[in-house]
Amino acid sequence: MKKNQLITRRTAIITGLTSLGGLLLPGCSKKLPPTYGNILRMGDALTYVAQRTLLPGQSLAMEYQHSDISSFPATGTTNPADNTKPYFSKAYGNLHTGDFSNWHLSVEGRVAKPGLYSLADLQRFPPRTQITRHTCEEGWSAIGEWTGVPLALVLNSAGILPSACYVNFYAYDGAMESIDMLDAFHPQTMLAYGMNGRSLPVPHGAPVRLRVETQIGYKSVKYLQRIVVTDEFVDTGDTGWAWYTGI
Ligand SMILES: Nc1nc2c(c(=O)[nH]1)N[C@H]1C(S)=C(S)[C@@H](COP(=O)(O)O)O[C@H]1N2
Ligand SMILES: [Mo]
């Protein structure tokens, strides 16, 4: 490719990004996920820009029928109350002993009304149920039914401040993930408290987990403890996996 063609292309990408940023993420266009010059992580920014430019942010992940529900392995952390495991959490152990009646989700950061939400509080919002395919980066997938509250309803109730760009999710086992506002307000992104018609089981993230149907499995954080709305990209990128993994 000739140099000026390259420049034209680059300009097109940057222009696309800027207009998207101006349209959907006011104040966030200069806060792309960092790559630290790490060539393996450059894909983050490129995949992100490509997907955010070409696809409407609200396109839905496929939903399935009851008859499609499959067996569903539990992976990663499967019980933070297990004190023989390195991911053991005493706090989670206590909540587990109390049948999660003392569990609260903290919603903090760039919100007008930070606060604690009990399971009952979350269940008072209009629920949503969806049957979707979970795809793990390790190469398996499974179909399950999830019931919960759309994250958008909780964020709206907490009142997102204009400077907000990302939502970070912290779990009792130390897991942390972040998503941008497009995924946070995606209609299928939910705080799930039910799976296949029952309360969410411990191996799958009880009492409440995140479901991000537009991205790969590890974004769907189990054992939620805290949600922090931020205007800054917080990187925990030492896992070796990309930050943005649209599917
Ligand atoms: N807190 C927490 N959330 C997590 C994980 C984990 O280890 N801890 N594993 C992630 C990965 S890699 C996948 S594939 C899914 C697995 O969900 P499942 O155990 O319900 O199948 O949870 C994700 N969320
Ligand atoms: Mo995974």
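Good morning. The accessible surface of this chain comes to about 12,300 Å², and 57% of that area belongs to carbon and sulfur atoms. I should say at once that the model is a predicted one. The chain has 247 residues, of which 46% are buried. Its secondary structure consists of six helices and 10 strands. As to how the chain folds back on itself, among contacts with a separation of 6 or more, 68% are between residues 24 or more positions apart.

I begin with strand β10, residues 224–230. This strand is mostly covered, with five of its seven residues buried. Which strands pair with β10? One of them is β1, residues 104–109, which runs parallel to β10 and is joined to it by four bridges. Within that pairing, Gly109 has Val229 of β10 as its bridge partner. Another is β5, which pairs with β10 in the antiparallel sense over six bridges. Here Asn168 is matched with Val228 of β10. As a general point, side chains in a regular strand alternate between the two faces of the sheet.

Strand β10 also contributes a charge placed over a ring. Arg226 lies over the face of Tyr170, at 4.4 Å from the ring centre.

Let me turn to the aromatic residues. The structure holds nine aromatic pairs. In one of these, Tyr117 and Phe125, the ring centres are 6.4 Å apart and the planes meet at 35°, so the pair is classed as tilted. Tyr117 is buried, at 11% relative accessibility, and Phe125 is buried as well, at 16%. A further pair is formed by Tyr166 and Trp243, with centres 5.6 Å apart and planes at 80°; this pair is therefore edge-to-face. Tyr166 belongs to strand β5, residues 166–171, while Trp243 sits in the segment after β10, so the pair ties together parts that are 77 residues apart in sequence. Both partners are covered: Tyr166 has a relative accessibility of 2%, and Trp243 has a relative accessible area of 6%. In addition, Tyr92, Phe100, Tyr172 and Tyr223 form one aromatic cluster.

The segment that holds Trp243 also holds Gly246. Is Gly246 buried or partly exposed? Gly246 is partly exposed, because its relative accessible area is 25%, and the cut-off for a buried residue is under 20%. Its C-alpha atom lies 5.8 Å from that of Thr214, although the two residues are 32 positions apart in sequence.

I now come to two of the helices. The first I shall discuss is α3, residues 90–97, where Tyr92, Gly93 and Leu95 are buried. Viewed down the helix axis, these buried residues fall within an arc of 165°, and they therefore line one face of α3. The other side of the helix carries Lys90, Asn94 and Thr97, which are exposed. Tyr92, one of the buried residues, is also a member of the aromatic cluster just mentioned. Just after α3, Asp99 adopts a positive phi of about 55°.

The second is α5, residues 151–158, in which Leu151, Ala152, Val154, Leu155 and Ala158 are buried. These residues cover an arc of only 165° around the axis, which puts them on the same side of α5. The residue that follows the helix, Gly159, has a positive phi, near 80°.

My last residue is Met190, which is found in strand β7, residues 190–195. How accessible is Met190? Its relative accessible area is 0%, so Met190 counts as buried. What does Met190 touch, leaving aside residues up to four places away in sequence? Its contacts include the run Trp146, Thr147, Gly148, Val149, Pro150 and Leu151. Of these, Leu151 is one of the buried residues of α5. Met190 also touches Arg209, Leu210 and Arg211, together with Arg128 and Gln130. In the case of Arg128, 62 residues away along the chain, the C-alpha atoms are separated by 8.1 Å.

To close, I would return to two points. Strand β10 pairs with β1 in parallel and with β5 in the antiparallel sense. The edge-to-face pair of Tyr166 and Trp243 then links β5 to the segment after β10. Thank you for your attention.

Technical notes. Residues numbered from 1 in each chain as written. Chains lettered and ligands numbered in written order. Predicted model: local features only at pLDDT ≥ 70, side-chain atom pairs only at ≥ 80, totals over all residues. Heavy atoms only, no water. Helix = DSSP H or I, 4+ residues; strand = E, 2+ residues; numbered from the N terminus. Buried < 20%, exposed > 50% of the residue type's maximum accessible area, 1.4 Å probe, protein only. Contact = heavy atoms within 4.5 Å. Arc of directions from axis to C-beta. Phe/Tyr/Trp six-rings, centres within 6.5 Å; stacked < 30°, edge-to-face > 60°. Lys NZ or Arg CZ within 6 Å of the ring centre and 35° of its normal. Areas by Shrake-Rupley, 256 points an atom, 1.4 Å probe, with all protein chains shown as cover. Pairing = 2+ DSSP bridges.
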